[in-house]
Amino acid sequence: MTEPSLEVLRSRRTTLGSLPILRALPVRGRRTIGAWCFLDRYGPLSFTDEKPMDVAPHPHIGLQTVSWLLDGEVLHRDMLGCEAIARPGSVNVMTAGSGIAHSEETPRQHGGRLNGLQLWVALPDNARKLEPSFVHVPSVPRLELPNGAAEIFAGEIAGQRCDAPVFSELVGLDVRVTRGGAELPARSDFEYGIYLLDGDASLGGEELRPEALHYLAPGATVLSLGTRRGGRLLILGGVPFAERIMMWWNFVARTRDEIAAARTAWVTRQGFGEVPGYEGPRIEAPALLALAEPNPAS
Ligand code: MN
């Protein structure tokens, strides 16, 4: 019997506007898990007068954004005229394809708390020029387990599939485990990233550290989760992404020329539409310097 060996990748503290976040992906030593290429963890936080999330209109190409909340609300608006509030149990999935602009903000009506995850999925070459689209899934499927449950906010597991488009083999799960431990079926061709969200949890007997992404290479057929007091964890899985991607600001592309063209389209207001309903100026593109990797707007 082989024990799973977890690689521990510490998250980086940064900010999204005024919102403190932990960036778990990309980090030094790991750019992708399957096609998952970006993971921001924010909250839990409480607020009264402020507006903790206020991400003005900004562009994306070549990726999907997946917005998953543990608590609170985030209002999405985009240039297609889509408008949807993400709440716990629901997921917003935006497929940027050839290009889209959107905003994300705390809505006027809110419960004063925010806790969530912002994820990106790199689109494979055969899907990255698709027309942009947006899907709000009001209630994601749930896989019940002895001593636990998994909410499926992306992809498929054990025959249950989230009703939002995916373009590569992957899964995104919000898993709860209680005393006694739970076993989650795994695909041996998937690599996995595991992130502790609340409480305590272990995988294959190895304690999960807070504020870190734990990488598990392909080969596992089951994920054995343990806990002492109860735990909640994020599990991302997918077939290792074979294509070499280039990430810059909010763009996922293959070449520097594609990045430059997308930036020019945003700067000249010719390639992306306006986001109706958002009050305030949009986010301007950073300078395209050879080695700079500007903070994404997410
Ligand atoms: Mn965004």
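**Entry 1: strands E9 and E12**

I looked up strand E9, residues 91-95, and found that E9 and E12 pair in the antiparallel sense over 5 bridges. Valine 93 stands opposite valine 135 in E12. I note here that the model is a predicted one.

I then looked up the sheet around this pair. E9 and E12 belong to an open sheet of 7 strands with antiparallel pairing, in the order E2-E3-E4-E11-E6-E9-E12. Which are the edge strands? They are strand E2 (12-16) and strand E12 (133-137), and each pairs on one side only. Ignoring direction, I read an average turn of 20 degrees between neighbouring strands of this sheet.

**Entry 2: threonine 65**

I went to strand E6, residues 63-71, and picked threonine 65 in it. Is threonine 65 buried or exposed? Its relative accessible area is 2%, and buried means under 20%, so threonine 65 is buried. I listed what threonine 65 touches, leaving out residues up to four places away in sequence; among them are Asn92, Val93 and Met94, as well as His102 and Trp120.

**Entry 3: aromatic pairs**

I counted the aromatic pairs and got 8. In one of them, the ring centres of tryptophan 68 and phenylalanine 153 are 5.1 Å apart and the planes are at 25 degrees, so I entered the pair as stacked. Tryptophan 68 is in strand E6 and phenylalanine 153 is in strand E14 (residues 148-157); the two are 85 residues apart, and the pair links distant parts of the chain. Both tryptophan 68 and phenylalanine 153 are buried. Trp36 joins Trp68 and Phe153 in one aromatic cluster.

I also checked tryptophan 248 and phenylalanine 251. This aromatic pair is tilted, with 6.2 Å centre to centre and 35 degrees between the planes. Tryptophan 248 is buried at a relative accessible area of 5%, and phenylalanine 251 is buried at 0%.

**Entry 4: helix H1**

I looked up helix H1, residues 256-267. H1 has 12 residues and reaches 16 Å from its first C-alpha to its last, close to the 16 Å expected at 1.5 Å a residue. Which residues of H1 are buried? I found Ile259, Ala262, Arg263, Ala265 and Trp266. Seen down the axis of H1, these buried residues fall within an arc of 160 degrees, so they line one face of the helix.

I asked what covers the buried residues of H1. The cover includes strand E5 (54-60), strand E10 (100-105), strand E24 (246-248) and strand E25 (251-253). Last, I noted that arginine 269, which follows H1, has a positive phi near 60 degrees.

Note on methods. Residues numbered from 1 in each chain as written. Predicted model: local features only at pLDDT ≥ 70, side-chain atom pairs only at ≥ 80, totals over all residues. Heavy atoms only, no water. Pairing = 2+ DSSP bridges. Helix = DSSP H or I, 4+ residues; strand = E, 2+ residues; numbered from the N terminus. Axes fitted to C-alpha atoms, helices over the stretch in contact; angles between N-to-C directions. Expected span 1.5 Å × (residues − 1). Buried < 20%, exposed > 50% of the residue type's maximum accessible area, 1.4 Å probe, protein only. Arc of directions from axis to C-beta. Contact = heavy atoms within 4.5 Å. Phe/Tyr/Trp six-rings, centres within 6.5 Å; stacked < 30°, edge-to-face > 60°.
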